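The following exercises concern a predicted model. Please examine the sequence and the structure before reading each solution.

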Amino acid sequence: MAMARTSTVTWSLSAVAAGVLLVGCSGSITIGDSAPKLAADKLADTVAERLAASTGQEKPDITCPEDLVGKIGNTTRCTLKAADGSTLGVSVTVSSVEGSRIDFDIKADATASPAAQ
């Protein structure tokens with residue numbers, strides 16, 4: 001029974017990765033601050049929403065360790081955590097900045113890291 005659960009979680013995580021890699025994903029946000037920067041928690045929420053929309057799956061658990069500074073080419077790494085504890089890295093790269101609007105691309109890693117034992 002545990003094997004089926006692991007397979008389902010692994011499939012879900014793989015589906016998220018495949019959806020992001022095949023469909024591609026991008027997002028944007030407009031911030032009222034004069035210095036374009038997106039707070040880490042808002043970035044994580046936006047990335048989760050975009051991944052859910054592109055894969056047709058539930059909104060995943062995403063964490064981002066730092067704010068995203070609105071400078072073209074700037075990249076940060078976020079982490080998708082599955083219910084079984086396995087993780088998948090997600091790269092977020094600023095593609096354009098217009099005033100306080102930050103546009104970014106999202107790309108998930110091809111393989112997940114297993115849960116810590």
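**Exercise 1. Determine the handedness of the disulfide formed by Cys 64 and Cys 78, and state which parts of the chain the pair ties together.**

Solution. Step 1: the torsion about the S-S bond of Cys 64 and Cys 78 is about 105°, so this disulfide is right-handed. Step 2: Cys 64 is located in the loop between β3 (61-63) and β4 (68-69), while Cys 78 belongs to strand β5, so the pair ties together parts that lie 14 residues apart in sequence. Step 3: the sulfur atoms of Cys 64 and Cys 78 are 2.0 Å apart, within the 2.5 Å cut-off for a disulfide. Step 4: a search of the whole structure yields 1 disulfide. Step 5: Cys 64 and Cys 78 are both buried.

**Exercise 2. Classify Thr 76 as buried or exposed, and identify the residue whose side chain it joins in a polar contact.**

Solution. Step 1: Thr 76 is placed in strand β5, which covers residues 75-81. Step 2: its relative accessibility is 3%, and the cut-off for buried is under 20%, so Thr 76 counts as buried. Step 3: the side chains of Thr 76 and Glu 66 are joined by a polar contact of 2.9 Å. Step 4: leaving aside residues up to four places away in sequence, Thr 76 touches Leu 43, Glu 66, Leu 68, Val 90, Ser 91 and Val 92.

**Exercise 3. Describe the surroundings of Val 47 and identify the element that gives the most residues to the largest nonpolar core.**

Solution. Step 1: Val 47 is part of helix α2 (residues 40-55) and is buried, with a relative accessible area of 0%. Step 2: beyond residues up to four places away in sequence, Val 47 is in contact with Ile 62, Val 90, Val 92, Phe 104 and Ile 106. Step 3: the largest nonpolar core has 20 residues, of which Leu 43, Val 47, Ile 62, Leu 68, Val 90 and Phe 104 touch the most other members. Step 4: two or more residues of this core come from each of α2, β5, β6 (87-98) and β7 (101-108). The greatest share is that of α2, with 6 residues. Step 5: for Leu 68, the contacts outside the same sequence window include Pro 36, Leu 38, Val 94 and Ile 102. In soluble globular proteins, nonpolar side chains tend to be buried together.

**Exercise 4. For the salt bridges of Glu 49 with Lys 59 and of Arg 77 with Asp 109, state which parts of the chain each pair ties together.**

Solution. Step 1: the closest N and O atoms of Glu 49 and Lys 59 are 3.9 Å apart, within the 4 Å cut-off. Step 2: Glu 49 is in helix α2 and Lys 59 in the loop between α2 and β3, so this pair ties together parts 10 residues apart in sequence. Step 3: Glu 49 is partly exposed at 37%, as is Lys 59 at 47%. Step 4: Arg 77 and Asp 109 meet in a salt bridge of 2.7 Å, N to O. Arg 77 lies in strand β5 and Asp 109 in the segment after β7, so the parts tied together are 32 residues apart in sequence.

**Exercise 5. Classify each partner of the salt bridge between Asp 103 and Arg 101 as buried, partly exposed or exposed.**

Solution. Step 1: the closest N and O atoms of Asp 103 and Arg 101 are 3.1 Å apart. Step 2: Asp 103 is buried, with a relative accessible area of 18%. Step 3: Arg 101, at 35%, counts as partly exposed. Step 4: elsewhere, salt bridges that share partners join Asp 45, Glu 49 and Lys 59 into one network.

Definitions and conventions
Residues are numbered from 1 along each chain as its sequence is written. This is a predicted model: local features need pLDDT of at least 70, side-chain atom pairs count only at pLDDT 80 or more; totals for chains, interfaces and linings use all residues. Side-chain values use heavy atoms; hydrogens and water are left out. Helices (H or I, at least four residues) and strands (E, at least two) are DSSP runs, numbered from the N terminus. Buried means under 20% relative accessible area, exposed over 50%, partly exposed in between (1.4 Å probe, protein chains only). A polar contact is a pair of N or O atoms within 3.5 Å; within protein, one must be able to donate a hydrogen and the other to accept it, and residues adjacent in sequence count only if both atoms are side-chain atoms. Contact means heavy atoms within 4.5 Å. A nonpolar core is a set of buried Ala, Val, Leu, Ile, Met, Phe, Trp, Tyr and Cys residues joined through side-chain atoms within 4.5 Å. A salt bridge is a side-chain nitrogen of Lys or Arg within 4 Å of a carboxyl oxygen of Asp or Glu.
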